[in-house]
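Okay, thanks for squeezing me in. Let me put the structure up, and then I'll walk you through a few spots in it.

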Amino acid sequence: MILSIIEIILLSIFAFCLLVQLYFVLFVHLRLTNTQIEALPTTASKPVSVIICARNEIVNLKQYLPIVLSQNYPEFEVVVVNDRSWDGTEDYLEDLEKKYDNLKIVKILDSDKFLAGKKFAATMGIKAAKYEWMVFTDADCVPESENWLRYMQQSDREETEIILGFSPYIKTRGLLNALIRFETFFTGVNYLSFALKGMPYMGVGRNLAYKKPLFFKNKGFAAHMHIQSGDDDLFVNANANAFNTEIRISSDSQVWSEPNSSWRSYLRQKKRHFGAGKLYKSKHKFILSVQIIFQFLFYCAFTACMFFGRDAQYIAGGILLLSIIIKCFVYLKLLKRLNCGDLRWCFPILDILLFLFLSINGFFALFGKKKVNWR
């Protein structure tokens, strides 16, 4: 077997990219695989405030809000912020308030005196919250079980100020749904694993808890109020550290969410997330960039190897196969652990498709026109 200098260089780059990826797989993500799933707390330590922001979400509120209001928790309130809805949300909430003593409604009226958007709505909900420990979710989310709040309640550790949960998307038919759920899974594995490693960098507002004093001590969303998204990940990125952050991965600690049903809405969502990511701390942007860049180079180097001799193709194929085997060893268990087990059968294909999709979408996000939405 004789390889040219170019083939040797290309295969060396390909192998080095694999080593970089394996660092994240084996030394970061594998930690989540070996983490013991937390047991159900036998008692509720302190009262909590659940905060939900809603704008024209009457369909979701009717379906999911009563489930949130009926959690197996001795003392909690649910603060629903109705942000200028015109779909009948106000009437429904007022009727529901008569049935549930623990429902509190915050109504935002049309006005030119404030910045519209979810961050303002969330701030109003936080100000109205009665209790120190706050749990956040969305109107289109439903807890996995009646014990969700028991898992997301304040930790026994006094220094804990933030708890990161996981929120998978509801399964439906089609490639888009599979891709959304797989991307959510991989994002969850990444931020949960880095939090375990002592480097929390984000959380998702569909399942997130933190202390009210932490919010006001750090001036809330003031540092990134000009960015459309980031009420969850940018706040966590700015305020989480190795000592004040915990994670919850038990199935009962999760909340399910309605996924986007069209490619266009999913693309808009990813563009918003891309814009928020630019404001992450430098060390977090560096780590995330290394993940993306070396994955990009990995597939580029493999593609280039296919244009050379058969020996180079065989070696490149062997390296790719090794990558798939190692990833399957780690991620197939995590897929089951995070309620995404049905995606195991198409994991290698989704891994490649997701990379291609995010690469293309990231390119268009840099040059596309910005459009402001509520969420």
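So, which residues of α4 are buried? Keep in mind that this is a predicted model. The buried ones are Lys 118, Lys 119, Phe 120, Ala 121, Ala 122, Thr 123, Gly 125 and Ile 126. That's eight out of eleven in a helix running from 118 to 128, so mostly covered by our under-20% cut-off.

What do those buried residues pack against? Quite a list: strands β1, β2, β3, β4 and β7, plus helix α7, residues 212-217.

Let me stay with β7, residues 208-211. In a regular strand, side chains alternate between the two faces of the sheet. Here both faces are covered: Leu 208 and Tyr 210 are buried on one side, and Ala 209 and Lys 211 are buried on the other.

And β7 has partners. With β4 it runs antiparallel, joined by four bridges, and Trp 133 sits opposite Lys 211 of β7. Strand β6, residues 162-164, is also antiparallel to β7, with three bridges. There, Leu 164 has Leu 208 as its bridge partner.

Last thing, the cysteines. How many disulfides do we get? Zero, with the sulfur cut-off at 2.5 Å. Take Cys 53: its closest cysteine sulfur belongs to Cys 141, 12 Å away, so that's too far for a bond. Cys 53 is buried, by the way, at 5% relative accessible area. Cys 340 tells a similar story: the closest cysteine sulfur, in Cys 346, is 11 Å off, again too far for a bond. Cys 340 is buried too, at 2% relative accessibility.

Okay, that's me done.

Methods:
Residues numbered from 1 in each chain as written. Predicted model: local features only at pLDDT ≥ 70, side-chain atom pairs only at ≥ 80, totals over all residues. Heavy atoms only, no water. Buried < 20%, exposed > 50% of the residue type's maximum accessible area, 1.4 Å probe, protein only. Helix = DSSP H or I, 4+ residues; strand = E, 2+ residues; numbered from the N terminus. Contact = heavy atoms within 4.5 Å. Pairing = 2+ DSSP bridges.
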